[in-house]
Amino acid sequence: MSKAQTQILFDFAEAASAVSKLDEKDSKKKISILEKQIAAVNANIKVMAPGKRGRRSLKIENENLDHIQIPADEILFQKQYYSIGDVAEMFLEKTSLIRYWETEFDILNPMKNRKGDRFFRPIDVKNLKLIYDLLRRRKMTIEGAKAYLKSNGNAEEKYELIQSLEKIKKFLSEMKASL
């Protein structure tokens, strides 16, 4: 039996008129009004689109490749440990998948407390980023990724080099577009 879905109603004209009525001095109020309305819309979307079980489609996987939210090294190394929920949120994956990758790959060694909660160090997050790249972007199998990591002792250095070259390429393409 399927649940009845409710329709999301969001009147952009009404929101714009409410914001425009406020003075320029009330910019904080404008921002808070918009944030509340966006939060309401996001809450409705979460209710209407519950998480699916099983494997995601390749189209969704390819869209998520560009949206992973791993902070820069300076920010990443400010904390000593990240919970598994935080790490899963960074990679837009489920915690069960992160736990599975931990059992499959030896380079992931999160700390565990007495309760059994996993806490990932920043180096584990960076290793997880390498594994994510091998499995999701390069489309390797788990066995292929394991073999690649074992055969290439400096795979992490190669990955860092590739990432820096991609940043340079992006910067140069932006400069070319601005000319």
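1. A residue is called exposed when its relative accessible area is over 50%, buried when that area is under 20%, and partly exposed in between. Lysine 115, at 72% relative accessibility, therefore counts as exposed. The model discussed in this note is predicted.

2. Lysine 115 takes part in a salt bridge with aspartate 117, and the closest N and O atoms of this pair are 4.0 Å apart. The cut-off for a salt bridge is a nitrogen to oxygen distance within 4 Å. The partner, aspartate 117, has a relative accessibility of 31% and so counts as partly exposed.

3. How many salt bridges does a search of the whole structure find? The search finds 10. One of the pairs consists of glutamate 93 and arginine 136, whose side chains meet at 3.3 Å, N to O. This pair links distant parts of the chain, for glutamate 93 is in the loop between α5 and α6, arginine 136 is in helix α7, and the two are 43 residues apart. Glutamate 93 has a relative accessible area of 10%, which means that this residue is buried.

4. Helix α7 also holds a salt bridge between arginine 137 and aspartate 133. The N to O distance between their side chains is 2.5 Å. Both residues lie in that helix, 4 residues apart, or about one turn. Are the two partners buried or exposed, wholly or in part? Arginine 137 is partly exposed, because its relative accessibility is 38%. Aspartate 133, by contrast, is buried, because its relative accessibility is 5%.

5. A further group deserves mention: Glu102, Lys112 and Arg118 are joined into one network by salt bridges that share partners.

6. Attention now turns to the backbone. Leucine 92 is not a glycine, yet it has a positive phi of about 55°. Leucine 92 is placed in the loop between α5 (84-91) and α6 (95-104), and glutamate 93 of the salt bridge with arginine 136 is in the loop between α5 and α6 as well. With a relative accessibility of 30%, leucine 92 falls between the limits of 20% and 50% and so counts as partly exposed.

7. Where is lysine 139 found? Its place is the loop between α7 (122-137) and α8 (142-151). Lysine 139 has a positive phi of about 60°, although this residue is not a glycine either. Its relative accessibility is 46%, so lysine 139 counts as partly exposed.

Note on methods. Residues numbered from 1 in each chain as written. Predicted model: local features only at pLDDT ≥ 70, side-chain atom pairs only at ≥ 80, totals over all residues. Heavy atoms only, no water. Buried < 20%, exposed > 50% of the residue type's maximum accessible area, 1.4 Å probe, protein only.
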